[in-house]
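Here are my notes on the model you sent, set out as numbered points. They begin with one pair of helices and then move to the sheets, the chain as a whole and two backbone details.

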Amino acid sequence: MELKFPKKWRESLSLKIRFLKKVDSTNDYLKLYETNFAVVADFQEKGKGRNGRTWKSEEGKGLYMSVSLPKPKKFLTLASLCCGVAVVKVLKKYSNEFTLKWPNDIYLNGKKAGGILVETTKNKIIYGIGINLYYKRHELQNLEHQATSLIEEGIRTNRSILAMEIAHAVKFYHQKLERGEFQIGEFEKHCFIIGRKIKVIKRNCTIEGKALGVDAEGFLVVETSNGKIERIFTDASVRLA
Ligand code: BTN
């Protein structure tokens, strides 16, 4: 099988990859094993999304995978943004229309096509990646955001190859992060809300303003309508205004 990812990503990137039929959650599975390990499942019985939500994980309809690596000693708040860049770089080989929405959403043609859930244990960081591959549009209704799948946008992929490309890209970017070489500008370049008017929904309030950028710690920087600068933490939900 030909693996289409740059040769430099394969160099010295030893990573064990296991394909499983079913798991509770690929993130939870990896909590029990060593690092430098990736797992891909046909389906998840308890797929987890951000902020305590569930992640739709039907059999054969999506890519459900996680990559476990040693927990970085620094720059932890940038890890999920760094993972987003790794994933979107791979996906852009299939279509230029893939973008990111701060902090963790993967968008395709203006709709959510995937997400990232990063978890840590004492020594590990687990990058969980979910991408809608074969869901039909009607199967993605009733989600809180407008969602799509690659197939609905005319993109056909080989799930195993995609998983291997993503696993290696995530490890490559993780190593960049550890060396202090991950530039937040790389994330901003792919993030479609930067420079746009947005609405930020926090636990107890809503803010409207312009997304100016992402700071060195991974916070979204917003200039509100009355000229105030706010730093937004990743538990907020953001949409275009
Ligand atoms: C989000 O809410 O947007 C993040 C979704 C992350 C889903 C993936 S699927 C593989 C991994 N295992 C999980 O239980 N969740 C992540």
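**Notes on the fold**

1. H3 and H4 are oblique to each other. This is a predicted model, and the term follows from an angle of about 140° between helix H3 (residues 79-91) and helix H4 (residues 159-178). Angles over 145 degrees would count as roughly antiparallel, so the pair is classed as oblique. The two axes lie 8 Å apart, and the crossing of H3 and H4 is right-handed.

2. Which residues make the contact between H3 and H4? On the H3 side they are Ala79, Cys82, Cys83, Val85, Ala86, Val87, Lys89, Val90 and Leu91. On the H4 side they are Leu162, Glu165, Ile166, Ala169, Val170, Tyr173, His174 and Leu177. By class, the residues of this contact comprise 14 nonpolar, one polar and two charged.

3. Seven strands make up an open sheet with mixed pairing, in the order E1-E2-E3-E7-E6-E5-E4. Its edges are strand E1 (16-23) and strand E4 (98-101), each of which pairs on one side only. On average, neighbouring strands in this sheet are turned by 20° against each other, direction ignored.

4. Within that sheet, E1 and strand E2 (residues 37-44) run parallel and are joined by seven bridges. One point for checking the register is lysine 22, whose bridge partner in E2 is phenylalanine 43.

5. Both helices of point 1 also pack on this sheet. H3 touches E4, strand E5 (105-108), strand E6 (111-120) and strand E7 (124-132), and the direction of H3 makes about 40° with that of E7. H4 touches E1, E2, strand E3 (62-70) and E7, and the direction of H4 makes about 30° with that of E3. E7 is thus touched by H3 and by H4.

6. A further open sheet has five strands in the order E11-E10-E9-E8-E12, with antiparallel pairing. Strand E11 (229-232) and strand E12 (237-240) are at the edges; each has a single partner strand, so one side of each is left without a neighbour in the sheet. Neighbouring strands here are turned by 45° against each other on average, direction ignored.

7. In the five-strand sheet, strand E8 (residues 197-201) and strand E9 (residues 206-214) pair in the antiparallel sense over five bridges. Among the paired residues, valine 200 has isoleucine 207 as its bridge partner in E9.

8. For the chain as a whole, the count is five helices and twelve strands. What radius of gyration does the protein chain have? The value is 17 Å, which agrees with the figure near 18 Å for a compact globule with 241 residues. Along the principal axes, the C-alpha atoms fill a box of roughly 55 × 45 × 30 Å.

9. Two backbone details deserve a look. Most residues other than glycine have a negative phi, and most peptide bonds are trans. The peptide bond from tryptophan 102 to proline 103 is cis, with omega near 0°, and proline 103 sits in the loop between E4 and E5. Asparagine 36 is not a glycine, yet has a positive phi of about 60°. Asparagine 36 is found in the loop between helix H2 (26-30) and E2.

How values were computed. Residues numbered from 1 in each chain as written. Predicted model: local features only at pLDDT ≥ 70, side-chain atom pairs only at ≥ 80, totals over all residues. Heavy atoms only, no water. Axes fitted to C-alpha atoms, helices over the stretch in contact; angles between N-to-C directions. Helix = DSSP H or I, 4+ residues; strand = E, 2+ residues; numbered from the N terminus. Parallel < 35°, antiparallel > 145°, perpendicular 65-115°, else oblique. Left-handed = near helix turned anticlockwise from the far one by under 90°. Contact = heavy atoms within 4.5 Å. Nonpolar A, V, L, I, M, F, W, Y, C, P; charged D, E, K, R; others polar. Pairing = 2+ DSSP bridges. Rg over C-alpha atoms; globule rule 2.2 N^0.38 Å.
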